[in-house]
Amino acid sequence: MDDNKMNDKYMHSYSNIIYVDENIPGPFEDSVEYNNIVYNLNSRLLNYCKCDSICTIETCQCLIKSGDANYEMEGYRLNFLKNTGNLSYPIIECNSLCTCSESCGNRVVQKGPIDCLEVKMCRNISKGKGIFTTQFIPRGTFICEYAGEILTLEQAKKRHKLNETLKKMNYIFCLNEYCNETQLQMIVDPSELGNIGRYINHSCDPNCIIVPVRVDNPLPKLAIFSQEDIHYGSEITYNYGSNSFGNSKEVENRKKCLCSSNNCFGLMPSDKY
Ligand SMILES: C[S@@+](CC[C@H](N)C(=O)[O-])C[C@H]1O[C@@H](n2cnc3c(N)ncnc32)[C@H](O)[C@@H]1O
Ligand SMILES: [Zn+2]
Ligand SMILES: [Zn+2]
Ligand SMILES: [Zn+2]
C-alpha cells in the first residue's frame with residue numbers, strides 16, 4: 001500500500017544488481033515450499049489493534065500478542081530491558097489494518113532504513129565492501145532489513161554450491177526461529193536482487209544483531225538493530241551465525257574470518273542449511 005511505503009533512498013552502484021526494498025519470492029519452483037512462500041507473502045496477519053492514536057500494553061492487541069512492547073515506544077528503539085537472555089519473543093509491529101497513528105512507537109522496521117549508511121571498500125580488501133556509518137547511532141536503533149529473494153531450501157543449496165564452485169561471495173542468510181517447539185526456516189538471498197543490507201559484513205564481536213520482525217504478513221523481516229552505541233565512521237556488523245546453524249563445529253569449506261576482533265573465531269560461521 002502506497003501510504004505505507006517505506007522510506008528507502010538507497011541504490012546499488014552496480015548495474016547488474018537490482019534494488020528491492022523488501023523480500024520478494026525467488027524464481028518459480030514447482031513445490032509446496034515455493035507455493036507456501038508466495039502464499040505467506042500474499043497473506044495478511046490476522047492481528048491488528050483498534051487503538052486511538054497511541055498504543056498501550058493495557059489495550060493494544062499488537063502489544064499484547066507480542067507479550068509487551070518490544071520497542072521503547074517513544075524512542076522507536078529496541079527495548080533491551082525486555083530482552084534478558086536471547087531474543088526469542090516475537091516482534092509484531094502495528095500494521096496497515098491497525099487504527100493507531102502512523103507515528104505509533106510500534107512501527108519501526110516498516111519505516112525503512114536509517115539514512116546514514118555508506119557502502120565502501122573495507123581496509124582489508126579481501127573482505128570486499130562493507131557498510132559504515134556517517135553518524136553516531138545509539139544502541140537499539142533499527143539499521144536496515146536484510147532483504148532479497150526468499151529461496152526454498154533446494155534453491156539455496158544449489159546457489160550456495162554454485163557460489164563455492166565459482167568462488168563468489170555468499171549472500172544467502174538462513175534464519176531459524178524456534179517457536180512453540182517447531183522450527184521455522186527462512187532463507188534470503190540478496191545477491192542479485194537485494195537491499196542495502198547485502199553489504200553488511202560478519203564480525204565475531206558485532207555491534208548489531210539480526211531479529212525477525214513481522215509487519216503485514218506472517219513471514220518475518222530480517223531486521224538489523226544496533227546492540228551498542230556505534231560511533232561515526234565505524235563498520236556495521238552482525239554475527240552471521242547467531243540465528244542459524246553457524247556455531248556448529250564443522251570446519252569444512254569455511255572461509256577465514258577477517259573481522260579482526262580480539263575474540264575472532266578465525267573462521268566464518270558455517271552456512272550449511
Ligand atoms: C553478505 S556479503 C557482505 C558484503 C560483501 N563484503 C561485499 O563486498 O559485497 C558476505 C560476504 O562478504 C565476505 N565477508 C563478510 N564478512 C567477512 C569476514 N568477517 N571475513 C571475511 N570475509 C567476510 C565473505 O566473502 C562473505 O561471503
Ligand atoms: Zn495498538
Ligand atoms: Zn497495532
Ligand atoms: Zn572473526
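**Fold, ligand shell and the environment of E149**

The protein contains three helices and 15 strands. The structure is a predicted model. Of its 273 residues, 37% count as buried. Among contacts in the protein with a separation of 6 or more, 69% are accounted for by residues 24 or more positions apart.

The shell around ligand 1 comprises 17 residues, of which G128, K129, N201, H202 and L258 come nearest. By class, the residues of this shell divide into seven nonpolar, six polar and four charged. Two strands, β7 (129–133) and β12 (201–202), each supply at least two residues of the shell.

A second site considered here is E149, which lies in strand β9, spanning residues 148–151. E149 has 24 C-beta neighbours inside 10 Å and therefore counts as buried, the threshold for that class being 20 or more. When residues up to four places away in sequence are not counted, E149 touches I24, G26, D189 and L193. The pair formed by E149 and I24 is separated by 125 residues in sequence, yet the C-alpha to C-alpha distance between them is 5.1 Å. The contact of E149 with I24 thus joins positions 125 residues apart in sequence, while D189 and L193 are also among the residues that E149 touches.

Note on methods
Residues numbered from 1 in each chain as written. Chains lettered and ligands numbered in written order. Predicted model: local features only at pLDDT ≥ 70, side-chain atom pairs only at ≥ 80, totals over all residues. Near = placed C-beta within 6 Å. Helix = DSSP H or I, 4+ residues; strand = E, 2+ residues; numbered from the N terminus. Nonpolar A, V, L, I, M, F, W, Y, C, P; charged D, E, K, R; others polar. Buried ≥ 20, exposed ≤ 12 C-beta atoms within 10 Å, placed from the backbone. Contact = placed C-beta atoms within 7 Å.
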